[in-house]
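Here's a protein chain to explore together. Take a moment to turn it around before reading on.

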Amino acid sequence: MIEVVSLVNFDSKKRVQYLEKSFASFHKFNPIGVRHIVFDSSKDITEQKVFYDKHNIELYHLPNCSYVDRLKHIYDVVKNDYFVFLPDDFVWILDYPIEKAIEAARDSNVMQIKLSCRGMQWFSEKNPEPMSWYDDNKLISGELLVKEGKCYVSKRWWYRNFHEQFSLAATITNGKFLNETIRAIQSGINSPGAVEKKAYIKLLFKPYYTGYYDMLIPAFHFCDSDVEGKAKEYTTKDMLIENNYEIYNSLFNKRS
């Protein structure tokens, strides 16, 4: 059984509407054989619990629990060595072979398989001129990934590009690796970005691999400025709009 973990907070009730785009899209492509676990720190869960019950989502209600402290609960709850880490602001657009990607991660000792990619300006354009963020095994950052079967592995240690580092975006993650990375981080941190910065320091002298399975990308970040406010509107400039889902899939999500 595939395990999926999500950390959420819906004290801003407008954000509950994200669930019909994010988690619902994942379950549309993965209707069976999934254990979806949610650590919800909202004070009140009445509204979102209707959605959880509809999709048989396993709820751990931890009101006012910080982001990093919810991360620390994962290791005791997840049973498999790898799980899908799925934030509530990523839409799923592809029938992605999760189990095969997990097998490839094990074979190549990859700690995180990336399920999302760099944002590109054309993602948000109505009549785009698509361009790729990679060419075979070469990323637009210049890094050459090491191809091992269908796993494209980032083996850099120093001078890692931000996108190939440890991430709390959409990934397939090794549970032991995550636990060892975050367990000593002080309690009370509520921002994923702040946790990532602490993790980067801890991992500075610890080699680890990240990668992509067959260069397939099923998950794309989204933001609704009506929900999150105008201050977040800048994040929509490289966000894949719905009209471009099919374009991305047809050009870059074809399986080899």
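## A tucked-away asparagine

Let's start in a loop: Asn-30 sits between helix 1 (23–29) and strand 2. Keep in mind that the model is a predicted one. Is Asn-30 buried or exposed? Asn-30 is buried, because its relative accessible area is 8%, and the cut-off for buried is under 20%. Leaving aside residues up to four places away in sequence, Asn-30 touches Trp-92 and Ile-98.

## The whole chain

Now zoom out. The chain's secondary structure adds up to 8 helices and 13 strands. Along the principal axes, the C-alpha atoms fill a box of roughly 45 × 45 × 35 Å. How does the radius of gyration fit with a compact globule? For 256 residues, such a globule would come out near 18 Å, and the chain has 18 Å, so the two agree.

Of those 256 residues, 54% count as buried. If you look at contacts with a separation of 6 or more, 75% of them come from residues 24 or more positions apart. On the outside, the chain exposes about 12600 Å², with carbon and sulfur atoms supplying 51% of that area. As for charges, there are 34 positive and 34 negative ones, and their mean positions are 4 Å apart.

## Strand 1 and its partners

Find strand 1, residues 2–8. How many of its residues are buried? The count is 7 of the 7, so strand 1 is largely enclosed by the rest of the structure. Its side chains go two ways: Ile-2, Val-4, Ser-6 and Val-8 point one way, while Glu-3, Val-5 and Leu-7 point the other. Residues pointing either way are buried, and that includes Glu-3.

Strand 1 runs parallel to strand 2 (residues 34–40), and 7 bridges join them. If you'd like one pair to look for, Ser-6 has Val-38 in strand 2 as its bridge partner. Strand 1 is also joined to strand 4 by 2 bridges, and these two run parallel as well. Here Val-5 stands opposite Phe-85 in strand 4.

## Strand 4, from both sides

Strand 4 covers residues 82–85. Tyr-82 and Val-84 point one way, Phe-83 and Phe-85 point the other way, and all of them are buried.

We've met the link from strand 4 to strand 1, so what about strand 11 (residues 171–174)? How do strand 4 and strand 11 run, parallel or antiparallel? They run antiparallel, with 4 bridges joining them. One pair to pick out is Phe-83 with its bridge partner Thr-173 in strand 11.

## Helix 5 and its neighbours

Next up is helix 5 (residues 175–182), which is mostly covered, with 6 of its 8 residues buried. Which ones are they? The buried residues are Gly-175, Phe-177, Leu-178, Asn-179, Thr-181 and Ile-182.

What do these buried residues pack against? Their neighbours are helix 3, strand 4, strand 6 (110–114), strand 11 and helix 6 (192–203). You've already seen strand 4 and strand 11 joined by bridges, and here both turn up as packing partners of helix 5.

## Strand 12 between two pairings

Strand 12 (residues 209–213) is mostly covered too: 4 of its 5 residues are buried. Strand 12 pairs with strand 6 through 3 bridges, and the two run parallel. Within that pairing, Val-110 stands opposite Tyr-209 in strand 12.

Strand 12 also has a link to strand 10 (residues 151–154). This time the strands run antiparallel, with 4 bridges between them. Look for Ser-154, whose bridge partner in strand 12 is Thr-210.

## Two loops with positive phi

Last stop: backbone angles. Most residues other than glycine have a negative phi. Asn-64 has a positive one, near 65 degrees. You'll find Asn-64 in the loop between strand 3 (58–61) and helix 3 (67–77). Why does Asn-64 count as exposed? Its relative accessible area is 59%, and exposed means over 50%.

Asp-136 also has a positive phi, near 60 degrees. Asp-136 lies in the loop between strand 7 (134–135) and strand 8 (138–139).

Technical notes
Residues are numbered from 1 along each chain as its sequence is written. This is a predicted model: local features need pLDDT of at least 70, side-chain atom pairs count only at pLDDT 80 or more; totals for chains, interfaces and linings use all residues. Side-chain values use heavy atoms; hydrogens and water are left out. The radius of gyration is taken over C-alpha atoms; the globule rule is 2.2 Å times the number of residues to the power 0.38. Buried means under 20% relative accessible area, exposed over 50%, partly exposed in between (1.4 Å probe, protein chains only). Contact means heavy atoms within 4.5 Å. Accessible areas come from the Shrake-Rupley method with a 1.4 Å probe; for residues, only the protein chains shown count as cover. Lys and Arg count as positive and Asp and Glu as negative; His and the chain ends are not counted. The place of a charge is taken as NZ of Lys, CZ of Arg, CG of Asp or CD of Glu. Two strands pair if DSSP finds at least two bridges between them.
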